[in-house]
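Here are my notes on the structure you sent round. They are set out as numbered points so that each can be checked against the coordinates.

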Amino acid sequence: MIIIQYVILSYFLKFKIFHPSIEGVQTGEIRSGAMTTVQVILPIILSIGMCVGLKINTKLNKNKLTLQQVRQNQLDTEIKYLKYQVQPHFLFNTLNNIYALIDSSPVKAKASIHSMSKMMRYVLHDASTSKVPLVKEIEFLERYIDLMQLRISSNLTLEKNFPVINQPIQIAPLLLISFIENAFKHGIDAVQHSFIKIELTIDNHRLKYSVTNSSFPEREKVTDSGIGLENLKKRLELLYPNNFELITKEINRQYFATLTLNFKE
């Protein structure tokens with residue numbers, strides 16, 4: 001466009017209209033040299049440059065916003081997928097527990113179904129939001145522990161220590177259940193003495209959650225470890241990047257799982 005304008009101006013500046021005269025006496029002159037042509041089209045060049053620059057900047061900003069929205073949608077979709085994985089995982093474990101009670105203790109089985117209905121209400125409704133009060137998450141854990149204990153033999157020693165929450169702390173839902181599910185599924189033996197120790201503490205904006213349980217390596221060979229802990233790690237990486245520490249280890253037939261989480265927005 002600039003080249004075309006340069007050629008056109010260079011051509012038209014040679015016409016007499018740009019060199020006025022009266023009775024043959026020239027009264028003014030517009031030189032038609034290259035420098036004059038450049039001076040004439042320079043403002044046009046600057047105007048075109050500003051318009052193009054504004055257009056490119058607008059397009060870049062729009063593309064950046066679109067990319068951010070796409071990434072956020074992908075993130076939300078992945079988080080939802082991981083959260084929905086937890087629900088059937090929890091449901092299968094709970095149903096297996098109730099199934100074992102039907103023949104041996106029908107009364108306990110009925111009580112378990114009632115308790116499970118309350119837990120499912122939390123999973124389907126409260127946990128469908130991005131954040132839940134920590135108080136409700138702890139209540140959910142308490143119900144799950146009570147439900148699991150209905151069919152556990154006297155060989156199990158269980159300790160739990162949950163704090164009294166007096167502040168409006170909110171965390172992502174269903175983050176804490178995986179440790180306990182794992183402990184009940186892999187840390188209990190029908191004959192040998194077993195133990196589970198659960199502890200949760202709050203210090204300012206930091207949550208520390210640990211579950212220690214007995215470990216029976218010979219059972220791990222025939223029992224699938226499930227998706228719980230791997231799912232938890234992925235969700236933490238998406239929801240609390242650089243704000244958590246997840247440690248799992250096994251020492252001397254004891255399994256340790258610890259989560260330290262900075263839940264401040």
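The points below go from the overall fold to single residues.

1. Overall content. This is a predicted model. The protein has seven helices and nine strands, and 32% of its 265 residues count as buried. About 16,900 Å² is exposed, with carbon and sulfur atoms supplying 58% of that area. Taking contacts between residues at least 6 apart in sequence, 71% join residues at least 24 apart.

2. Strand pairing. Strand 6 (residues 194–203) pairs with two strands discussed here. With strand 4 (residues 156–161) the pairing is parallel, over six bridges; with strand 7 (residues 206–214) it is antiparallel, over eight bridges. To check the register, Lys160 has Ile198 of strand 6 as its bridge partner, while Glu199 stands opposite Ser210 in strand 7.

3. The hairpin. Two residues lie between strand 6 and strand 7 in their hairpin, where Asn204 takes a positive phi near 55 degrees.

4. Salt bridges. The whole structure contains two salt bridges. In one of them, the side chains of Lys160 and Glu142 meet at 2.6 Å, N to O. Because Lys160 is in strand 4 and Glu142 in helix 4 (residues 134–149), this pair ties together parts 18 residues apart in sequence. Lys160 also forms a salt bridge with Asp146, where the closest N and O atoms are 3.9 Å apart. Asp146 lies in helix 4 and Lys160 in strand 4, so this pair ties together parts 14 residues apart in sequence. The cut-off is 4 Å, so the 3.9 Å of the Asp146 pair falls within it. Glu142, Asp146 and Lys160 thus appear as a linked network of salt bridges.

5. Exposure of the network. Are these residues buried, partly exposed or exposed? Lys160 has a relative accessible area of 35% and is partly exposed. Glu142, at 26%, counts as partly exposed, and Asp146, at 41%, is also classed as partly exposed.

6. Helix 7. The twelve residues of helix 7 (residues 228–239) should span 16 Å at 1.5 Å a residue, and the end C-alpha atoms are 16 Å apart, which agrees. Which residues of helix 7 are buried? They are Gly228, Asn231, Leu232, Arg235 and Leu236. Seen down the axis of helix 7, these fall within an arc of 135 degrees, so they line one face of the helix. An α-helix has 3.6 residues a turn, so residues three or four places apart point the same way.

7. Positive phi in loops. Two non-glycine residues deserve a look. Leu174 has a positive phi near 60 degrees and lies in the loop between strand 5 (170–171) and helix 5 (177–186). Its relative accessible area is 2%, so Leu174 is buried. Arg253 has a positive phi of about 60 degrees and lies in the loop between strand 8 (244–251) and strand 9. Arg253 counts as partly exposed, at 42% relative accessibility.

8. Phe256. This residue lies in strand 9 (residues 254–262) and counts as partly exposed at 24% relative accessibility. The limit for buried is under 20%, so Phe256 at 24% does not meet it. Leaving out residues up to four places away in sequence, Phe256 touches Val211, Thr212, Ile247, Thr248, Lys249 and Ile251. Phe256 and Ser214 are 42 residues apart in sequence, with their C-alpha atoms 9.0 Å apart in space.

Key
Residues numbered from 1 in each chain as written. Predicted model: local features only at pLDDT ≥ 70, side-chain atom pairs only at ≥ 80, totals over all residues. Heavy atoms only, no water. Helix = DSSP H or I, 4+ residues; strand = E, 2+ residues; numbered from the N terminus. Buried < 20%, exposed > 50% of the residue type's maximum accessible area, 1.4 Å probe, protein only. Contact = heavy atoms within 4.5 Å. Expected span 1.5 Å × (residues − 1). Arc of directions from axis to C-beta. Pairing = 2+ DSSP bridges. Areas by Shrake-Rupley, 256 points an atom, 1.4 Å probe, with all protein chains shown as cover.
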